Amino acid sequence: VQLQASGGGLVQAGGSLRLSCAASGRTSGYSMSWFRQAPGKEREFVVVIHWTGRIDYADSVKGRFTISRDNARNTVYLQMSSLKPEDTAVYYCAAQAIGGTRRMDDYTYWGRGTLVTVSS
């Protein structure tokens, strides 16, 4: 499975942005996640949508971010609203068969990342 993240850009605080993660193969049996890495910080978990459809959000984005998936298009989306400057990071999508954890090491496939910059 190859992943390609897109949709990043520059947005003002309070604004919205939608990221997409397109997969080259079928993702119906995979749990799909978004992670992010801010400048000078470690990569951190953002959200996962399990292969069953169950969703788990990091507390820092709960209520502001929404993940969804379109298995027919092999694409996962991350709708980000009420963005804050601290959301500035490179966002990566990742996939693991079944699973659905918050641990980076559990993920087999990674996209290259897309930069989100939130200005104050």
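This report walks through the fold, the surface and the core of a predicted protein model.

## Strands and nothing but

How many helices and strands does the protein chain have? Count them up and you get zero helices and eleven strands. Reading along the sequence, you meet the pattern β-β-β-β-β-β-β-β-β-β-β.

## Size and packing

The C-alpha atoms fit in a box of roughly 40 × 25 × 25 Å, taken along the principal axes. A compact globule with 120 residues would have a radius of gyration near 14 Å, so the 13 Å of this chain agrees with that picture.

Now look at who touches whom. If you take contacts with a separation of 6 or more, 57% of them are between residues 24 or more positions apart.

## Inside and outside

Of the 120 residues, 45% count as buried. The chain exposes about 6200 Å², and carbon and sulfur atoms supply 46% of that area.

As for charges, there are 14 positive and 9 negative ones, and their mean positions lie 6 Å apart.

## The nonpolar core

The largest nonpolar core holds 34 residues. Which of them touch the most other members? They are Met32, Trp34, Phe65, Ile67, Leu78, Met80 and Tyr91. Several strands chip in at least two residues each, including strand 1 (3-6), strand 4 (30-37), strand 7 (65-70), strand 8 (75-80) and strand 9 (89-97).

Try zooming in on Phe65. Leaving out residues up to four places away in sequence, Phe65 touches Arg36, Val46, Tyr57, Leu78, Gln79, Met80, Ser81, Leu83, Asp87 and Tyr91. Leu78, Met80 and Tyr91 are also on the list of core residues that touch the most other members.

Methods: Residues numbered from 1 in each chain as written. Predicted model: local features only at pLDDT ≥ 70, side-chain atom pairs only at ≥ 80, totals over all residues. Heavy atoms only, no water. Helix = DSSP H or I, 4+ residues; strand = E, 2+ residues; numbered from the N terminus. Rg over C-alpha atoms; globule rule 2.2 N^0.38 Å. Buried < 20%, exposed > 50% of the residue type's maximum accessible area, 1.4 Å probe, protein only. Contact = heavy atoms within 4.5 Å. Areas by Shrake-Rupley, 256 points an atom, 1.4 Å probe, with all protein chains shown as cover. Lys, Arg positive; Asp, Glu negative; His and termini not counted. Charge placed at Lys NZ, Arg CZ, Asp CG, Glu CD. Core = buried A, V, L, I, M, F, W, Y, C linked by side-chain atoms within 4.5 Å.
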